[in-house]
Amino acid sequence: MREWMVSTQLVPRGIRDKRVLAAMKRVPRHLFVDHSMANRAYDDSALPIGEGQTISQPYMVAVMTELLELTGNEKVLEIGTGSGYQAAVLAELAKEVFTIERVAALAEAAIQRLRELFYQNVQVRMGDGTLGWPEEAPFDRIIITAASPKIPDPLMDQLSNAGIVVVPVGGRYSQQLLKLKKTDKGVQEEYHTPCVFVPLIGEYGWKEG
Ligand code: SAH
C-alpha cells in the first residue's frame with residue numbers, strides 16, 4: 001500500500017527528494033490512525049484522529065517535508081504532533097525531532113505509538129507550541145502542521161541562522177504553504193501549494209472558539 005501511495009500520489013505530483021520518498025515508504029501510516037480506519041490510511045486524504053483533529057494527507061506531509069531540505073543532521077521543531085505521523089517521517093530524515101501538541105489525549109497517544117515503533121530521536125511535549133521550546137532552541141528547521149495567521153514571533157526567535165520554517169499561513173479556512181529561509185542577506189519567503197489545515201490555537205495563533 002505504501003509503494004502504491006508513493007507511486008500514485010507523490011511521484012506524479014512532483015515529489016522528487018529520494019530520501020522523502022523512501023521515508024514515506026517506510027513509516028507505517030496505518031498504525032497512526034484508529035484500527036477502524038486502518039483500511040483508509042493510504043487514501044489520498046486527511047483522516048480524523050479524534051478531538052476534532054486530523055492526520056494530514058500523505059501528499060501534504062511529503063511536500064512539507066521536502067521543503068524542509070533535510071540532510072540528516074538537523075534539529076527539528078514540529079508544532080502540532082497530532083497522530084505523530086509527520087514526526088515519525090521527520091525522525092527518519094533528521095537528527096532530532098521535538099514536537100509539541102496542545103491536546104493532551106493526542107500527545108499521549110502519539111508518545112505511545114512512537115515508543116512502540118522505537119523512534120528514539122523524537123520528544124513529544126504537551127503545551128502551546130506557538131511559544132516554541134526555548135530550552136532546546138535554536139532549531140535548524142521548524143514545521144507548523146496547523147493553520148496560522150502568521151509565523152509566531154517566539155518561533156522566529158528560536159530559528160537558527162540559515163534555518164527554514166514551513167507553515168500553512170492564511171485565513172482560518174484556507175491557507176498556502178509558506179517556506180521561509182533565514183540567510184545572511186535577510187529573510188527569503190516563497191509561497192507554495194494551497195492547503196486546508198486545522199487551526200493553530202494559542203497565544204500567537206488563533207483564539208479558541
Ligand atoms: N502533524 C500531525 C497532524 C496535525 S493536525 C500528524 O502527522 O498527524 C494539527 C494539530 O495541531 C492538532 O493535533 C492540534 O491539536 C494541534 N495544535 C493546534 N494548535 C496547537 C498549538 N498551539 N500547539 C501545539 N499543537 C497545536
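**Group meeting: helix α2, the cores and the ligand site**

Let me begin at the start of α2, where a side-chain oxygen of D17 comes to within 2.9 Å of the backbone nitrogen of R19. I should say straight away that this is a predicted model, and that everything I describe is computed from it.

Staying with α2, which spans residues 18-26, the buried residues are V20, L21, A23 and M24. Why do they sit on the same side of α2? They cover an arc of only 160° around the axis, and that places them on one and the same side of the helix. As a general point, an α-helix has 3.6 residues a turn, so residues three or four places apart point the same way. As for what lies opposite that face, the buried residues of α2 pack against α1 (2-10), α3 (58-67) and α4 (85-93).

Two of those partners are themselves mostly covered. In α3, nine of the 10 residues are buried, namely P58, Y59, M60, V61, A62, V63, M64, T65 and L67. In α4, eight of the nine residues are buried, and these are Y85, Q86, A87, A88, V89, L90, A91 and L93.

That brings me to the nonpolar cores. In soluble globular proteins, nonpolar side chains tend to be buried together. Here the largest nonpolar core has 50 residues, and those with the most contacts inside it are L10, I15, M24, Y85, V89, V122 and L177. The elements that contribute two or more residues to this core are α1, α2, β1 (47-50), α3, α4, α5 (104-116), β5 (122-126) and β7 (159-170). A second core, separate from this one, has 18 residues and includes I79, F98, A146 and L178. If we take I15 from the largest core and leave aside its neighbours within four places in sequence, I15 is in contact with L10, V20, L21, Y59, A62, V63 and E66.

Next, a polar residue in α1, which is Q9. Is Q9 buried or exposed? With a relative accessible area of 3%, it falls under the 20% limit and therefore counts as buried. A polar atom of the Q9 side chain lies 2.9 Å from the backbone oxygen of Y42. Again leaving aside neighbours within four places in sequence, Q9 is in contact with W4, Y42, D43, D44, P58 and Y59.

Now to the ligand, which may be the part of interest to those of you who dock. It is surrounded by 28 residues, of which the closest are G80, S83, E101, G129 and I201. Which polar atoms of the protein lie 3.0 Å from the ligand? For E78, a polar side-chain atom is 3.0 Å from a nitrogen atom of the ligand. For Q86, one of the buried residues of α4, a backbone N or O atom lies 3.0 Å from an oxygen atom of the ligand. For D128, an N or O atom in the side chain is 3.0 Å from a nitrogen atom of the ligand. On its own the ligand has 580 Å² of accessible area, and the protein covers 99% of that.

Two prolines deserve a word. P152, in the loop between β6 (139-144) and α6 (153-157), is buried, with a relative accessible area of 1%. Its C-alpha atom is separated by 6.9 Å from that of G205, although the two residues are 53 apart along the chain. Not counting residues up to four places away in sequence, P152 touches T130, I144, L200 and Y204. The other proline, P138, is in the loop between β5 and β6, and the peptide bond from A137 to P138 is cis, with omega near 0°.

Finally, some backbone geometry, with the reminder that most residues other than glycine have a negative phi, and most peptide bonds are trans. E51, in the loop between β1 and β2 (53-55), has a positive phi of about 60°, and at 51% relative accessibility E51 counts as exposed. A162, in strand β7, has a positive phi near 65°, and A162 is likewise exposed, with a relative accessible area of 53%. E69, just after α3, takes a positive phi of about 50°.

Methods. Residues are numbered from 1 along each chain as its sequence is written. This is a predicted model: local features need pLDDT of at least 70, side-chain atom pairs count only at pLDDT 80 or more; totals for chains, interfaces and linings use all residues. Side-chain values use heavy atoms; hydrogens and water are left out. Buried means under 20% relative accessible area, exposed over 50%, partly exposed in between (1.4 Å probe, protein chains only). Helices (H or I, at least four residues) and strands (E, at least two) are DSSP runs, numbered from the N terminus. The arc is that of the directions from the helix axis to the C-beta atoms. Contact means heavy atoms within 4.5 Å. A polar contact is a pair of N or O atoms within 3.5 Å; within protein, one must be able to donate a hydrogen and the other to accept it, and residues adjacent in sequence count only if both atoms are side-chain atoms. A nonpolar core is a set of buried Ala, Val, Leu, Ile, Met, Phe, Trp, Tyr and Cys residues joined through side-chain atoms within 4.5 Å. A residue is near a molecule or strand if one of its heavy atoms lies within 4 Å of it. Accessible areas come from the Shrake-Rupley method with a 1.4 Å probe; for residues, only the protein chains shown count as cover.
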